[in-house]
Every structure is written in C-alpha cells, then in structure tokens.
Amino acid sequence: VTGNYIITVGRTKGKLTVTQREVTLTSKSAAKQYDGTPLVKPVVAIAGNGFVAGEATASSTGIITKVGSVKNTIVIEEGAGFKADNYEITKNEGTLEITKNTDTIVITADDGTWVYDGQAHSKNTYKVAGLMAGYSAEADITGSITDAGAVENVVASYVIKLGEEDVTDQFGNVTTENGTLTITKRFLEITAENAVKTYDGTPLTAEYSITAGSLAEGQTLDSV
C-alpha cells in the first residue's frame, strides 16, 4: 500500500557521546613503631565505576623502614585497551609512618670490687636488657679507682646496631645505669718487738715486722 502515501525522508545528524568513567582509588594509611621491618600497604580500594575489566588495576608502592613518613603512592597498572582519557581518576593516597621504638631498653655498667693493691682498676663490661632479637648494643664504660673507697662506673655513651648499621636514633626509650667500683682496705698487721736498755742519751729503737697480711706489690714499710 506504499503507493497510497507521499513519503518524505529527512536526515538529521545524531550524536553519540561516551562519558568518562569515574574511578576513585584509595591507598591505606598505617603507622607502627620501628622494628627493623618494612611497613607496606599495597592494596588499593577501587570505588566509583571501577576500571573496565581487563583494562587496568592499581596498587600502592609506599614503603618505609626507619623513623619518618612517606606517601603511600598509587600506581596504575595499565592493561590492553586502557586509555587514560576514558577515565576520570581520583587518587586518595594514604601515609605510612614509622615512629621511634619506645620499648624499654636498659644498659647497666657492671660493678667491680678489689682489695687495695696500689693499682688502678676498671671494669668495662655491661649488661643490656630489653633489646630486640638481632640487635646489639656497644657501650663505652668509664670508671677507674686506685685507692680504698668507691666511685661510679659510668655508661658514658652507647650505640645500638643492627648488624654493622648504627640505628641508635631509631630508639626513644634507652636508659643507662651506672655501676660501682669499690676498693676495700688491705689487711696488714705490724708487730714491734720489746726493747730495754740503760739510759745512754741515745734513742731506744726496736725491730718490727709484718705478722699478718701483706703490703701491696712494690710497696715497702719504712717506719712505724
């Protein structure tokens, strides 16, 4: 029945529009105290419309081991067919932070005791408590004593190491305790002999000897 109609065909140009796909990427924030191991949070949350399957994925590359902070940077791994212009991508990047280790660490200088012998004595040994496995502490102990009495055995300085690396600045709760160096008096018994004489205007002297104990090496008894 087409012959019953007068048909006019008009042509109008159409328009096809593809809008950008909205994608929101969020990397995690995290914090911990120093323990010598890296802090990483590689998983990225993908929100919004997400990527077209197979075109892209995302991960975060932030890494930190020592005290400080870094941005948990987001990286897009592009797949086949990915074109950045097809996406409106928003990145929310977290922060990774490491703070100083606050576990209690105590470095204690050892005590030392000697009987007086005229020599200078010191003791440069020490004990370390609270240090994590795999770490070591090196301390400089300064203390010396020669005469009877007591002095402090001082922890003058220290270094904390991981292997050969100095990591002292990664620790925030290190205390030192001084020891004591003591010299006790040396026992000595001196006995003088009896003496008698008729007055002759000259001094009366008597012999004496050490009857118990001993003098320190190199020392002599001059008079009593």
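Start by selecting Glu152 and Thr180: in this predicted model, Glu152 stands opposite Thr180 of strand 18. Now widen the selection to both partners, strand 15 and strand 18, which pair in the antiparallel sense over 5 bridges.

Stay with strand 18, residues 179-184, and show its side chains. Gly179, Leu181 and Ile183 make up a covered face, while Thr180, Thr182 and Thr184 make up an uncovered one. That pattern fits a general rule: in a regular strand the side chains alternate between the two faces of the sheet.

Next, add strand 12, residues 112-115. This strand runs parallel to strand 18, and 4 bridges join the two. To find the pairing by eye, pick Val115, which stands opposite Thr184 in strand 18.

Now go back to strand 15 and bring in strand 14. These two form a hairpin, with 6 residues between them, and they run antiparallel, joined by 8 bridges. A handy pair to highlight is Ala137 and its bridge partner in strand 15, Ile160.

Which residues of strand 14 point to the buried face? Select Tyr135, Ala137, Ala139 and Ile141: these point to one face and are buried. Ser136, Glu138, Asp140 and Thr142 point to the other face and are not buried.

From here, step into the largest nonpolar core, which has 18 residues. Ile160 and Phe171 are the ones with the most contacts inside this core. Strand 10 (95-99), strand 11 (105-109), strand 14 (135-142) and strand 15 (149-162) each supply at least two of its residues, and the largest share, 4 residues, comes from strand 14. Centre the view on Phe171 and, setting aside neighbours within four places in sequence, look for its contacts with Tyr34, Lys100, Asn101, Ile105, Met132, Tyr135 and Ile160. Apart from this core lies another, of 9 residues, including Val44, Ala58, Ile74 and Phe82.

Now click on Lys161, which lies in strand 15. Is this lysine buried or exposed? Lys161 counts as buried because its relative accessibility is 17%, under the 20% cut-off. Leaving out residues up to four places away in sequence, Lys161 touches Gly134, Tyr135, Ser136, Glu138, Asp166 and Val167.

Finish at the other end of the sequence with Ile7, found in the segment before strand 1 (21-27). Ile7 is exposed, with a relative accessible area of 59%. Add Val1 and Tyr5 to the selection: with Ile7 they form a nonpolar patch on the surface, with about 410 Å² of accessible area together.

Terms used: Residues are numbered from 1 along each chain as its sequence is written. This is a predicted model: local features need pLDDT of at least 70, side-chain atom pairs count only at pLDDT 80 or more; totals for chains, interfaces and linings use all residues. Side-chain values use heavy atoms; hydrogens and water are left out. A nonpolar core is a set of buried Ala, Val, Leu, Ile, Met, Phe, Trp, Tyr and Cys residues joined through side-chain atoms within 4.5 Å. Buried means under 20% relative accessible area, exposed over 50%, partly exposed in between (1.4 Å probe, protein chains only). Contact means heavy atoms within 4.5 Å. Two strands pair if DSSP finds at least two bridges between them. Patches are made of residues with over 30% relative accessible area and no salt bridge: like charges are joined within 9 Å, nonpolar side chains (Val, Leu, Ile, Met, Phe, Trp, Tyr) within 5 Å. Accessible areas come from the Shrake-Rupley method with a 1.4 Å probe; for residues, only the protein chains shown count as cover. A salt bridge is a side-chain nitrogen of Lys or Arg within 4 Å of a carboxyl oxygen of Asp or Glu.
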